[in-house]
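Reader: I am new to this structure and would be grateful for a close look at a single part of it. Could you choose one helix, describe it with care, and then go on to what lies around it and elsewhere in the chain?

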Amino acid sequence: MDNLAGPDMLIDAYDQSTQQDASVHDVNLDDAEAEEEAPLRADDFETFKKHVFPPLDDLEVEDETYNTWHIEKWRQLTRREHGPVFECGGAPWRVLFFPWGNSVDCASFYLEHGYEDDPPAEWYACIQFALVLWNPFDPTVFKVHNANHRFNGKEADWGFTRFVELRKAFHTPWEGHNRTLVENEEAKMTAYVRKIKDPTGVLWHNFEGYDSKKETGMVGLKNQGATCYLNSLLQSLYFTDAFRKAVYQIPTGEEASRQNSAWTLQRLFYRLQKDKSAVSTNELTGSFGWDTRQIFEQQDVQELSRILMEKLETRMKGTAAENALPELFVGKMKTYIECINVNMESSRKEDFWDIQLNVRGNNNLDDSFKDYIQVETLEGENKYDAGPPHGLQDAKKGVIFESFPPVLHLQLKRFEYDINRDAMMKVNDRHEFPEEIDLAPYLSAEADKKEPWVYQLHGVLVHSGDFNAGHYYAFLKPTKDGHFYKFDDDRVTRATKKEVLEENYGGEYPATANGIVAQRQPYMRGASTKRSMNAYMLVYIRKSRLDQVLLGVNDEDIPPHIEKRILEEKAEMERRKKEKEEQHLYLNLGLISDKSFQKHHWFDLTNYDAETGDPAAATVKRVLRAKKVADFAAEVAPELGVEADQVRFWVMVGRQNKTNRPDQPIKNDATIEDAWHRHSSKGKPFYLWAETRERDKETSKVEWPDVSGDGIGKNGGNHPILVFLKYFNINQQELTGIGHVYVNKNDRVDTVFPHIRQLMGWNDSRKITLYEEIKFSMIEQMKESLTFGASEIQDGDIICFQEHEKNPGVDIEHVTYSNARQYYDYLLNKVPVSFHPRPGTEGKIFQLDLSKKMTYEMFSEKVGAHLEVPATHLRFATVHATTGKPKAWVKRNMQQNLYQILQVPFTAYGAYSQQRSDALYYEVLETSLQDYETKKIMKVTWLPDGIVKEEPLEVLVPRQGIVSDIITGVIRKTKLNELNPPPDLREFRVLEVSAGKITRELPSDFNVATIGEFTSLYVERIPQEEIEAADEDRAIYCFHFDKEPNKPHGVPFKFIAKPGEVFKDTKDRISKRTGIKGKLFLNIKFGLVAKGPYSKSQVRYLEDHDVLYEIAHDEDILGLDHVNKTRSFWGRAEGMFIK
């Protein structure tokens, strides 16, 4: 007999094209029964049931049954038939049968629920089933298929479209028999059904429409690209209630901005607590200062955790939560060397936030802790130098824990460097961890053991994949006695203990009958016999402190300003959503009035590109399309300070000369949509001008000037024309809108003078000059003797007026532009230019409006006047568009204007140079630019306070100057020369530094011409201790490194070693010399390093009893081993950071 489930079998659901989460099992009964004498019979139901159901590990059977349907007269059956209804697990079931196939040449059988109508709401059943078609005349002839599936209201049936090929079933003797499967148009179908208990609520779930909040009461976090590692850490911290409460206690009301990472973390935690769907981390990563590179590049979780803790701890200083994080996460360990034969111990205690444990070579967590605290014996050639009087001694060296924190983070070292492959590789070895662990055996004898040190597992953070690619998720236990849940980005599901523990130990897959078979691994190429999904971080909580850590977080703990702001944002989102849904009912239009015009200082009646908050900008109104013009007038009248009948709207029309002017009034009985259809230009914004008018003093009515709708006027007579007036103030160099007036077509141009004088409050003796603003580039002076008609003035035209140059009080001698035409030309060529102080120099950032036609001398005069410095002492550089760094310094050239300096040059290679066209760097020089070009710039670093503070400076010295000129320049730059008395040059020195180490001290008469451009120079005041050093004292150079001497960092320095002084006292002087204090200084290890090729083995670390003066040789350098805060991570160009 061949395999009963061959390639012609297809499992699916009737009426559903794709299903991804059901398991299908082929049943091969031949091998199992090969040696049995009696063949398996389909009518031996109890025996047959044992063979058709494959084992389901760790799943509990709630109910099981079988039912047989006798199928007769097969060829007379309809397209679709149903078998008898039977019950299993409290639900009705039946077989769905397509005798002639469900669109295939095969008989199709499905199992479906037997409810006549829809099943009860929320009903589902996890069913393992087998369908057996057999010959009633010979039960040894049968065909079997089985599967398991989660049935519900949407997925009512599941089974096999290609159950058996009709041709074979009817006409071909069945495998190994002389009878067909269907004989005399008869067959029997037995359905074996077993209901499985769902331990997590998501057994065999396809997660279509799955609601994490509804099913678990919790929500997940959205993955931005490669931020699953961040999501798992954040969920772990969120469900550490004491941590969440401490974060809420950080005062952020005054710094409620998206740049504040504490504020965005509070908002994230609030959303996790309140939202009904997965929460985005965009705000949080934005506040970290991360861009696309960080978001799409997986980082180290341990490093992220430490940086985040450090950032939050800084934010918590001086608040109610100041010590919350150390009290939760910080433990203490002791590094010691204990002599075996004499009573001598050297030890150092330090804090830890987490513990890194080895996986390789350790079977479980206890083994890893034993490995961590294992004792190394120093003997033979490796004896410990205990100092006088003990000398070299056999000793024990190791680490022991003094205390563990209430919340213990254990980092399992799943990633290691493989020297054979010269690459980082993942360690997938099996490593077991318990639900509870007693850590008392790993504490020192002096540790306080009054309270048990038993810890309970509450978090397992998992990595699936290899070093180069993978996915992170977490199993967390949010409450003291609750269940574990799986947090996989935006999905939260309940988890079994097997999923939490066994499936995350790593190691080999369980053996099968064929041995250990390689399986395909998620996020990896190929197959492997080892699980690629395993724990890399564990979170344990001290059992006796569970109530203090998992204390619950209530609504009262949430900062009120967080909830208020988020609710306001949600309300705004709802408003915008409603606005979008009703958008088709409304029309957006721009409203211009005399109020906005009087704030306008540009071309036309308004600046159509102005920001919304600009008082001269058109007011954007969202108006119902069906609203009457009269009703709209009543709406805007209060804003204009008038009543509704004092408002008349004019439609704004675009002219051929690219201006936009009022064209004709709109009738009050029209709708806004009618006006828009009739007068607007297709695809362009719709603008109206709101005209207001005073009431007649006698009649109290509003008398509007009689103009026709087309703007031509009545009968071609002397009709009124609407004209707008602008004033150019010569003294203030400013153009301003004044208002509107009506003039008559046949009147002379000078008849407008009385109107102007009245508006400006001028007497009749003030002479006026008029210009017509035709378009941006065409400003023509008007002839007073012509009529407005002859001057071609029409409704909406703009007349600009100014005082005559000879009027009293008009000062044309001290202004740039003496008439309106010149000023309009300036406006046409005006560009806003941002000026920034050159990086490394002090100064303010500002913006000036300048003409593109200005020469170098002209715009440098403007900048000098703004900065209140001589223009001759300024120089400028263009700005690189991508990096923002200075490009070449601009050369003084009288033939070159500002436009030519700022314009993006076209290179010889057919591409535009990357240069900003709206910004320049400036530098205020100590001398004139002409004199400056004869000097040499020396870049130095000034150390004003030990080595903790660095100030980069640029000092000008003569090209053939000496080092003392550098010192003089530094004194002048730092204003030390203003002290009384001024400092002596001999009190300072210049150090030449290379690769983080001092190479030499430069004599005061050393020629600066021989110093390279990229040489690092440090200038400092010689410490008083060094000046007062005794003859027997000895100087030693010092530098900083991170674990290995070939990884230097920081500022090197010179130090005095004193004879007979033990290193414990020496460290106090080093702290004073460097300015490094407190916790930072305590974390530094000191060692002597020989000059030359540095390596880890050449570091001789110092103990408190050592005497530096006696141990250090002339060629030795004192190294300070501590973390480089600017180090990169795993060779990346930039390390993990949070702003």
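Author: What follows begins with one helix and its surroundings, and then turns to some other parts of the chain. The model is a predicted one, and the descriptions below should be read with that in mind.

The helix is α21, which runs over residues 856-867. It has twelve residues and reaches 16 Å from its first C-alpha to its last, close to the 16 Å expected at 1.5 Å a residue. Within α21, the residues Tyr856, Phe859, Ser860, Val863, Gly864 and Leu867 are buried. Seen down the axis of α21, these buried residues fall within an arc of 145°, so they line one face of the helix. The cover over the buried residues of α21 includes the strands β40 (830-837), β41 (846-851), β42 (874-880) and β44 (915-924), together with the helices α22 (898-902) and α23 (929-932). After α21 comes glutamate 868, whose phi is positive, near 60°.

Of the elements that cover α21, β42 deserves a longer look. This strand is mostly covered, since seven of its seven residues are buried, where buried means under 20% relative accessible area. β42 pairs with β44 in the antiparallel sense over six bridges, and in this pairing phenylalanine 876 stands opposite tyrosine 922 in β44. β42 also pairs in the antiparallel sense with strand β43 (residues 886-889), over two bridges, and here valine 879 stands opposite proline 886 in β43. β42 and β43 form a hairpin with five residues between them, and in the turn glycine 884 has a positive phi of about 75°.

Elsewhere in the chain, five strands form an open sheet of mixed pairing, in the order β36-β35-β39-β37-β38. At the edges stand β36 (734-744) and β38 (778-781), each with a single partner strand, so one side of each is left without a neighbour in the sheet. Neighbouring strands of this sheet are turned by 30° against each other on average, direction ignored. Within the sheet, strand β35 (residues 720-729) and strand β39 (residues 797-803) pair in the parallel sense over five bridges, and valine 723 stands opposite aspartate 797 in β39.

A pair of helices offers another kind of contact. Helix α5 (residues 228-238) and helix α7 (residues 261-274) pack at an angle of about 75°, with their axes 11 Å apart. That angle makes α5 roughly perpendicular to α7. In this packing, Leu234, Gln235, Leu237 and Tyr238 in α5 meet Leu265, Leu268, Phe269, Leu272 and Gln273 in α7.

Some details of the loops complete the account. Glutamate 185, found in the loop between α3 (166-171) and β11 (187-196), has a positive phi of about 55° although it is not a glycine, and at 26% relative accessibility it counts as partly exposed. Lysine 658, found in the loop between β32 (647-654) and β33 (660-665), has a positive phi of about 75° although it is not a glycine either, and with a relative accessible area of 70% lysine 658 is exposed. Finally, the peptide bond from proline 388 to proline 389 is cis, with omega near 5°, and proline 389 lies in the loop between β16 (384-385) and β17 (392-393).

Notes. Residues are numbered from 1 along each chain as its sequence is written. This is a predicted model: local features need pLDDT of at least 70, side-chain atom pairs count only at pLDDT 80 or more; totals for chains, interfaces and linings use all residues. Side-chain values use heavy atoms; hydrogens and water are left out. Two strands pair if DSSP finds at least two bridges between them. Helices (H or I, at least four residues) and strands (E, at least two) are DSSP runs, numbered from the N terminus. Axes are lines fitted to C-alpha atoms, for helices over the stretch in contact, and angles run from 0 to 180 degrees between N-to-C directions. The expected span of a helix is 1.5 Å times one less than its number of residues. Buried means under 20% relative accessible area, exposed over 50%, partly exposed in between (1.4 Å probe, protein chains only). The arc is that of the directions from the helix axis to the C-beta atoms. Contact means heavy atoms within 4.5 Å. Angles under 35 degrees count as roughly parallel, over 145 as roughly antiparallel, 65 to 115 as roughly perpendicular and the rest as oblique.
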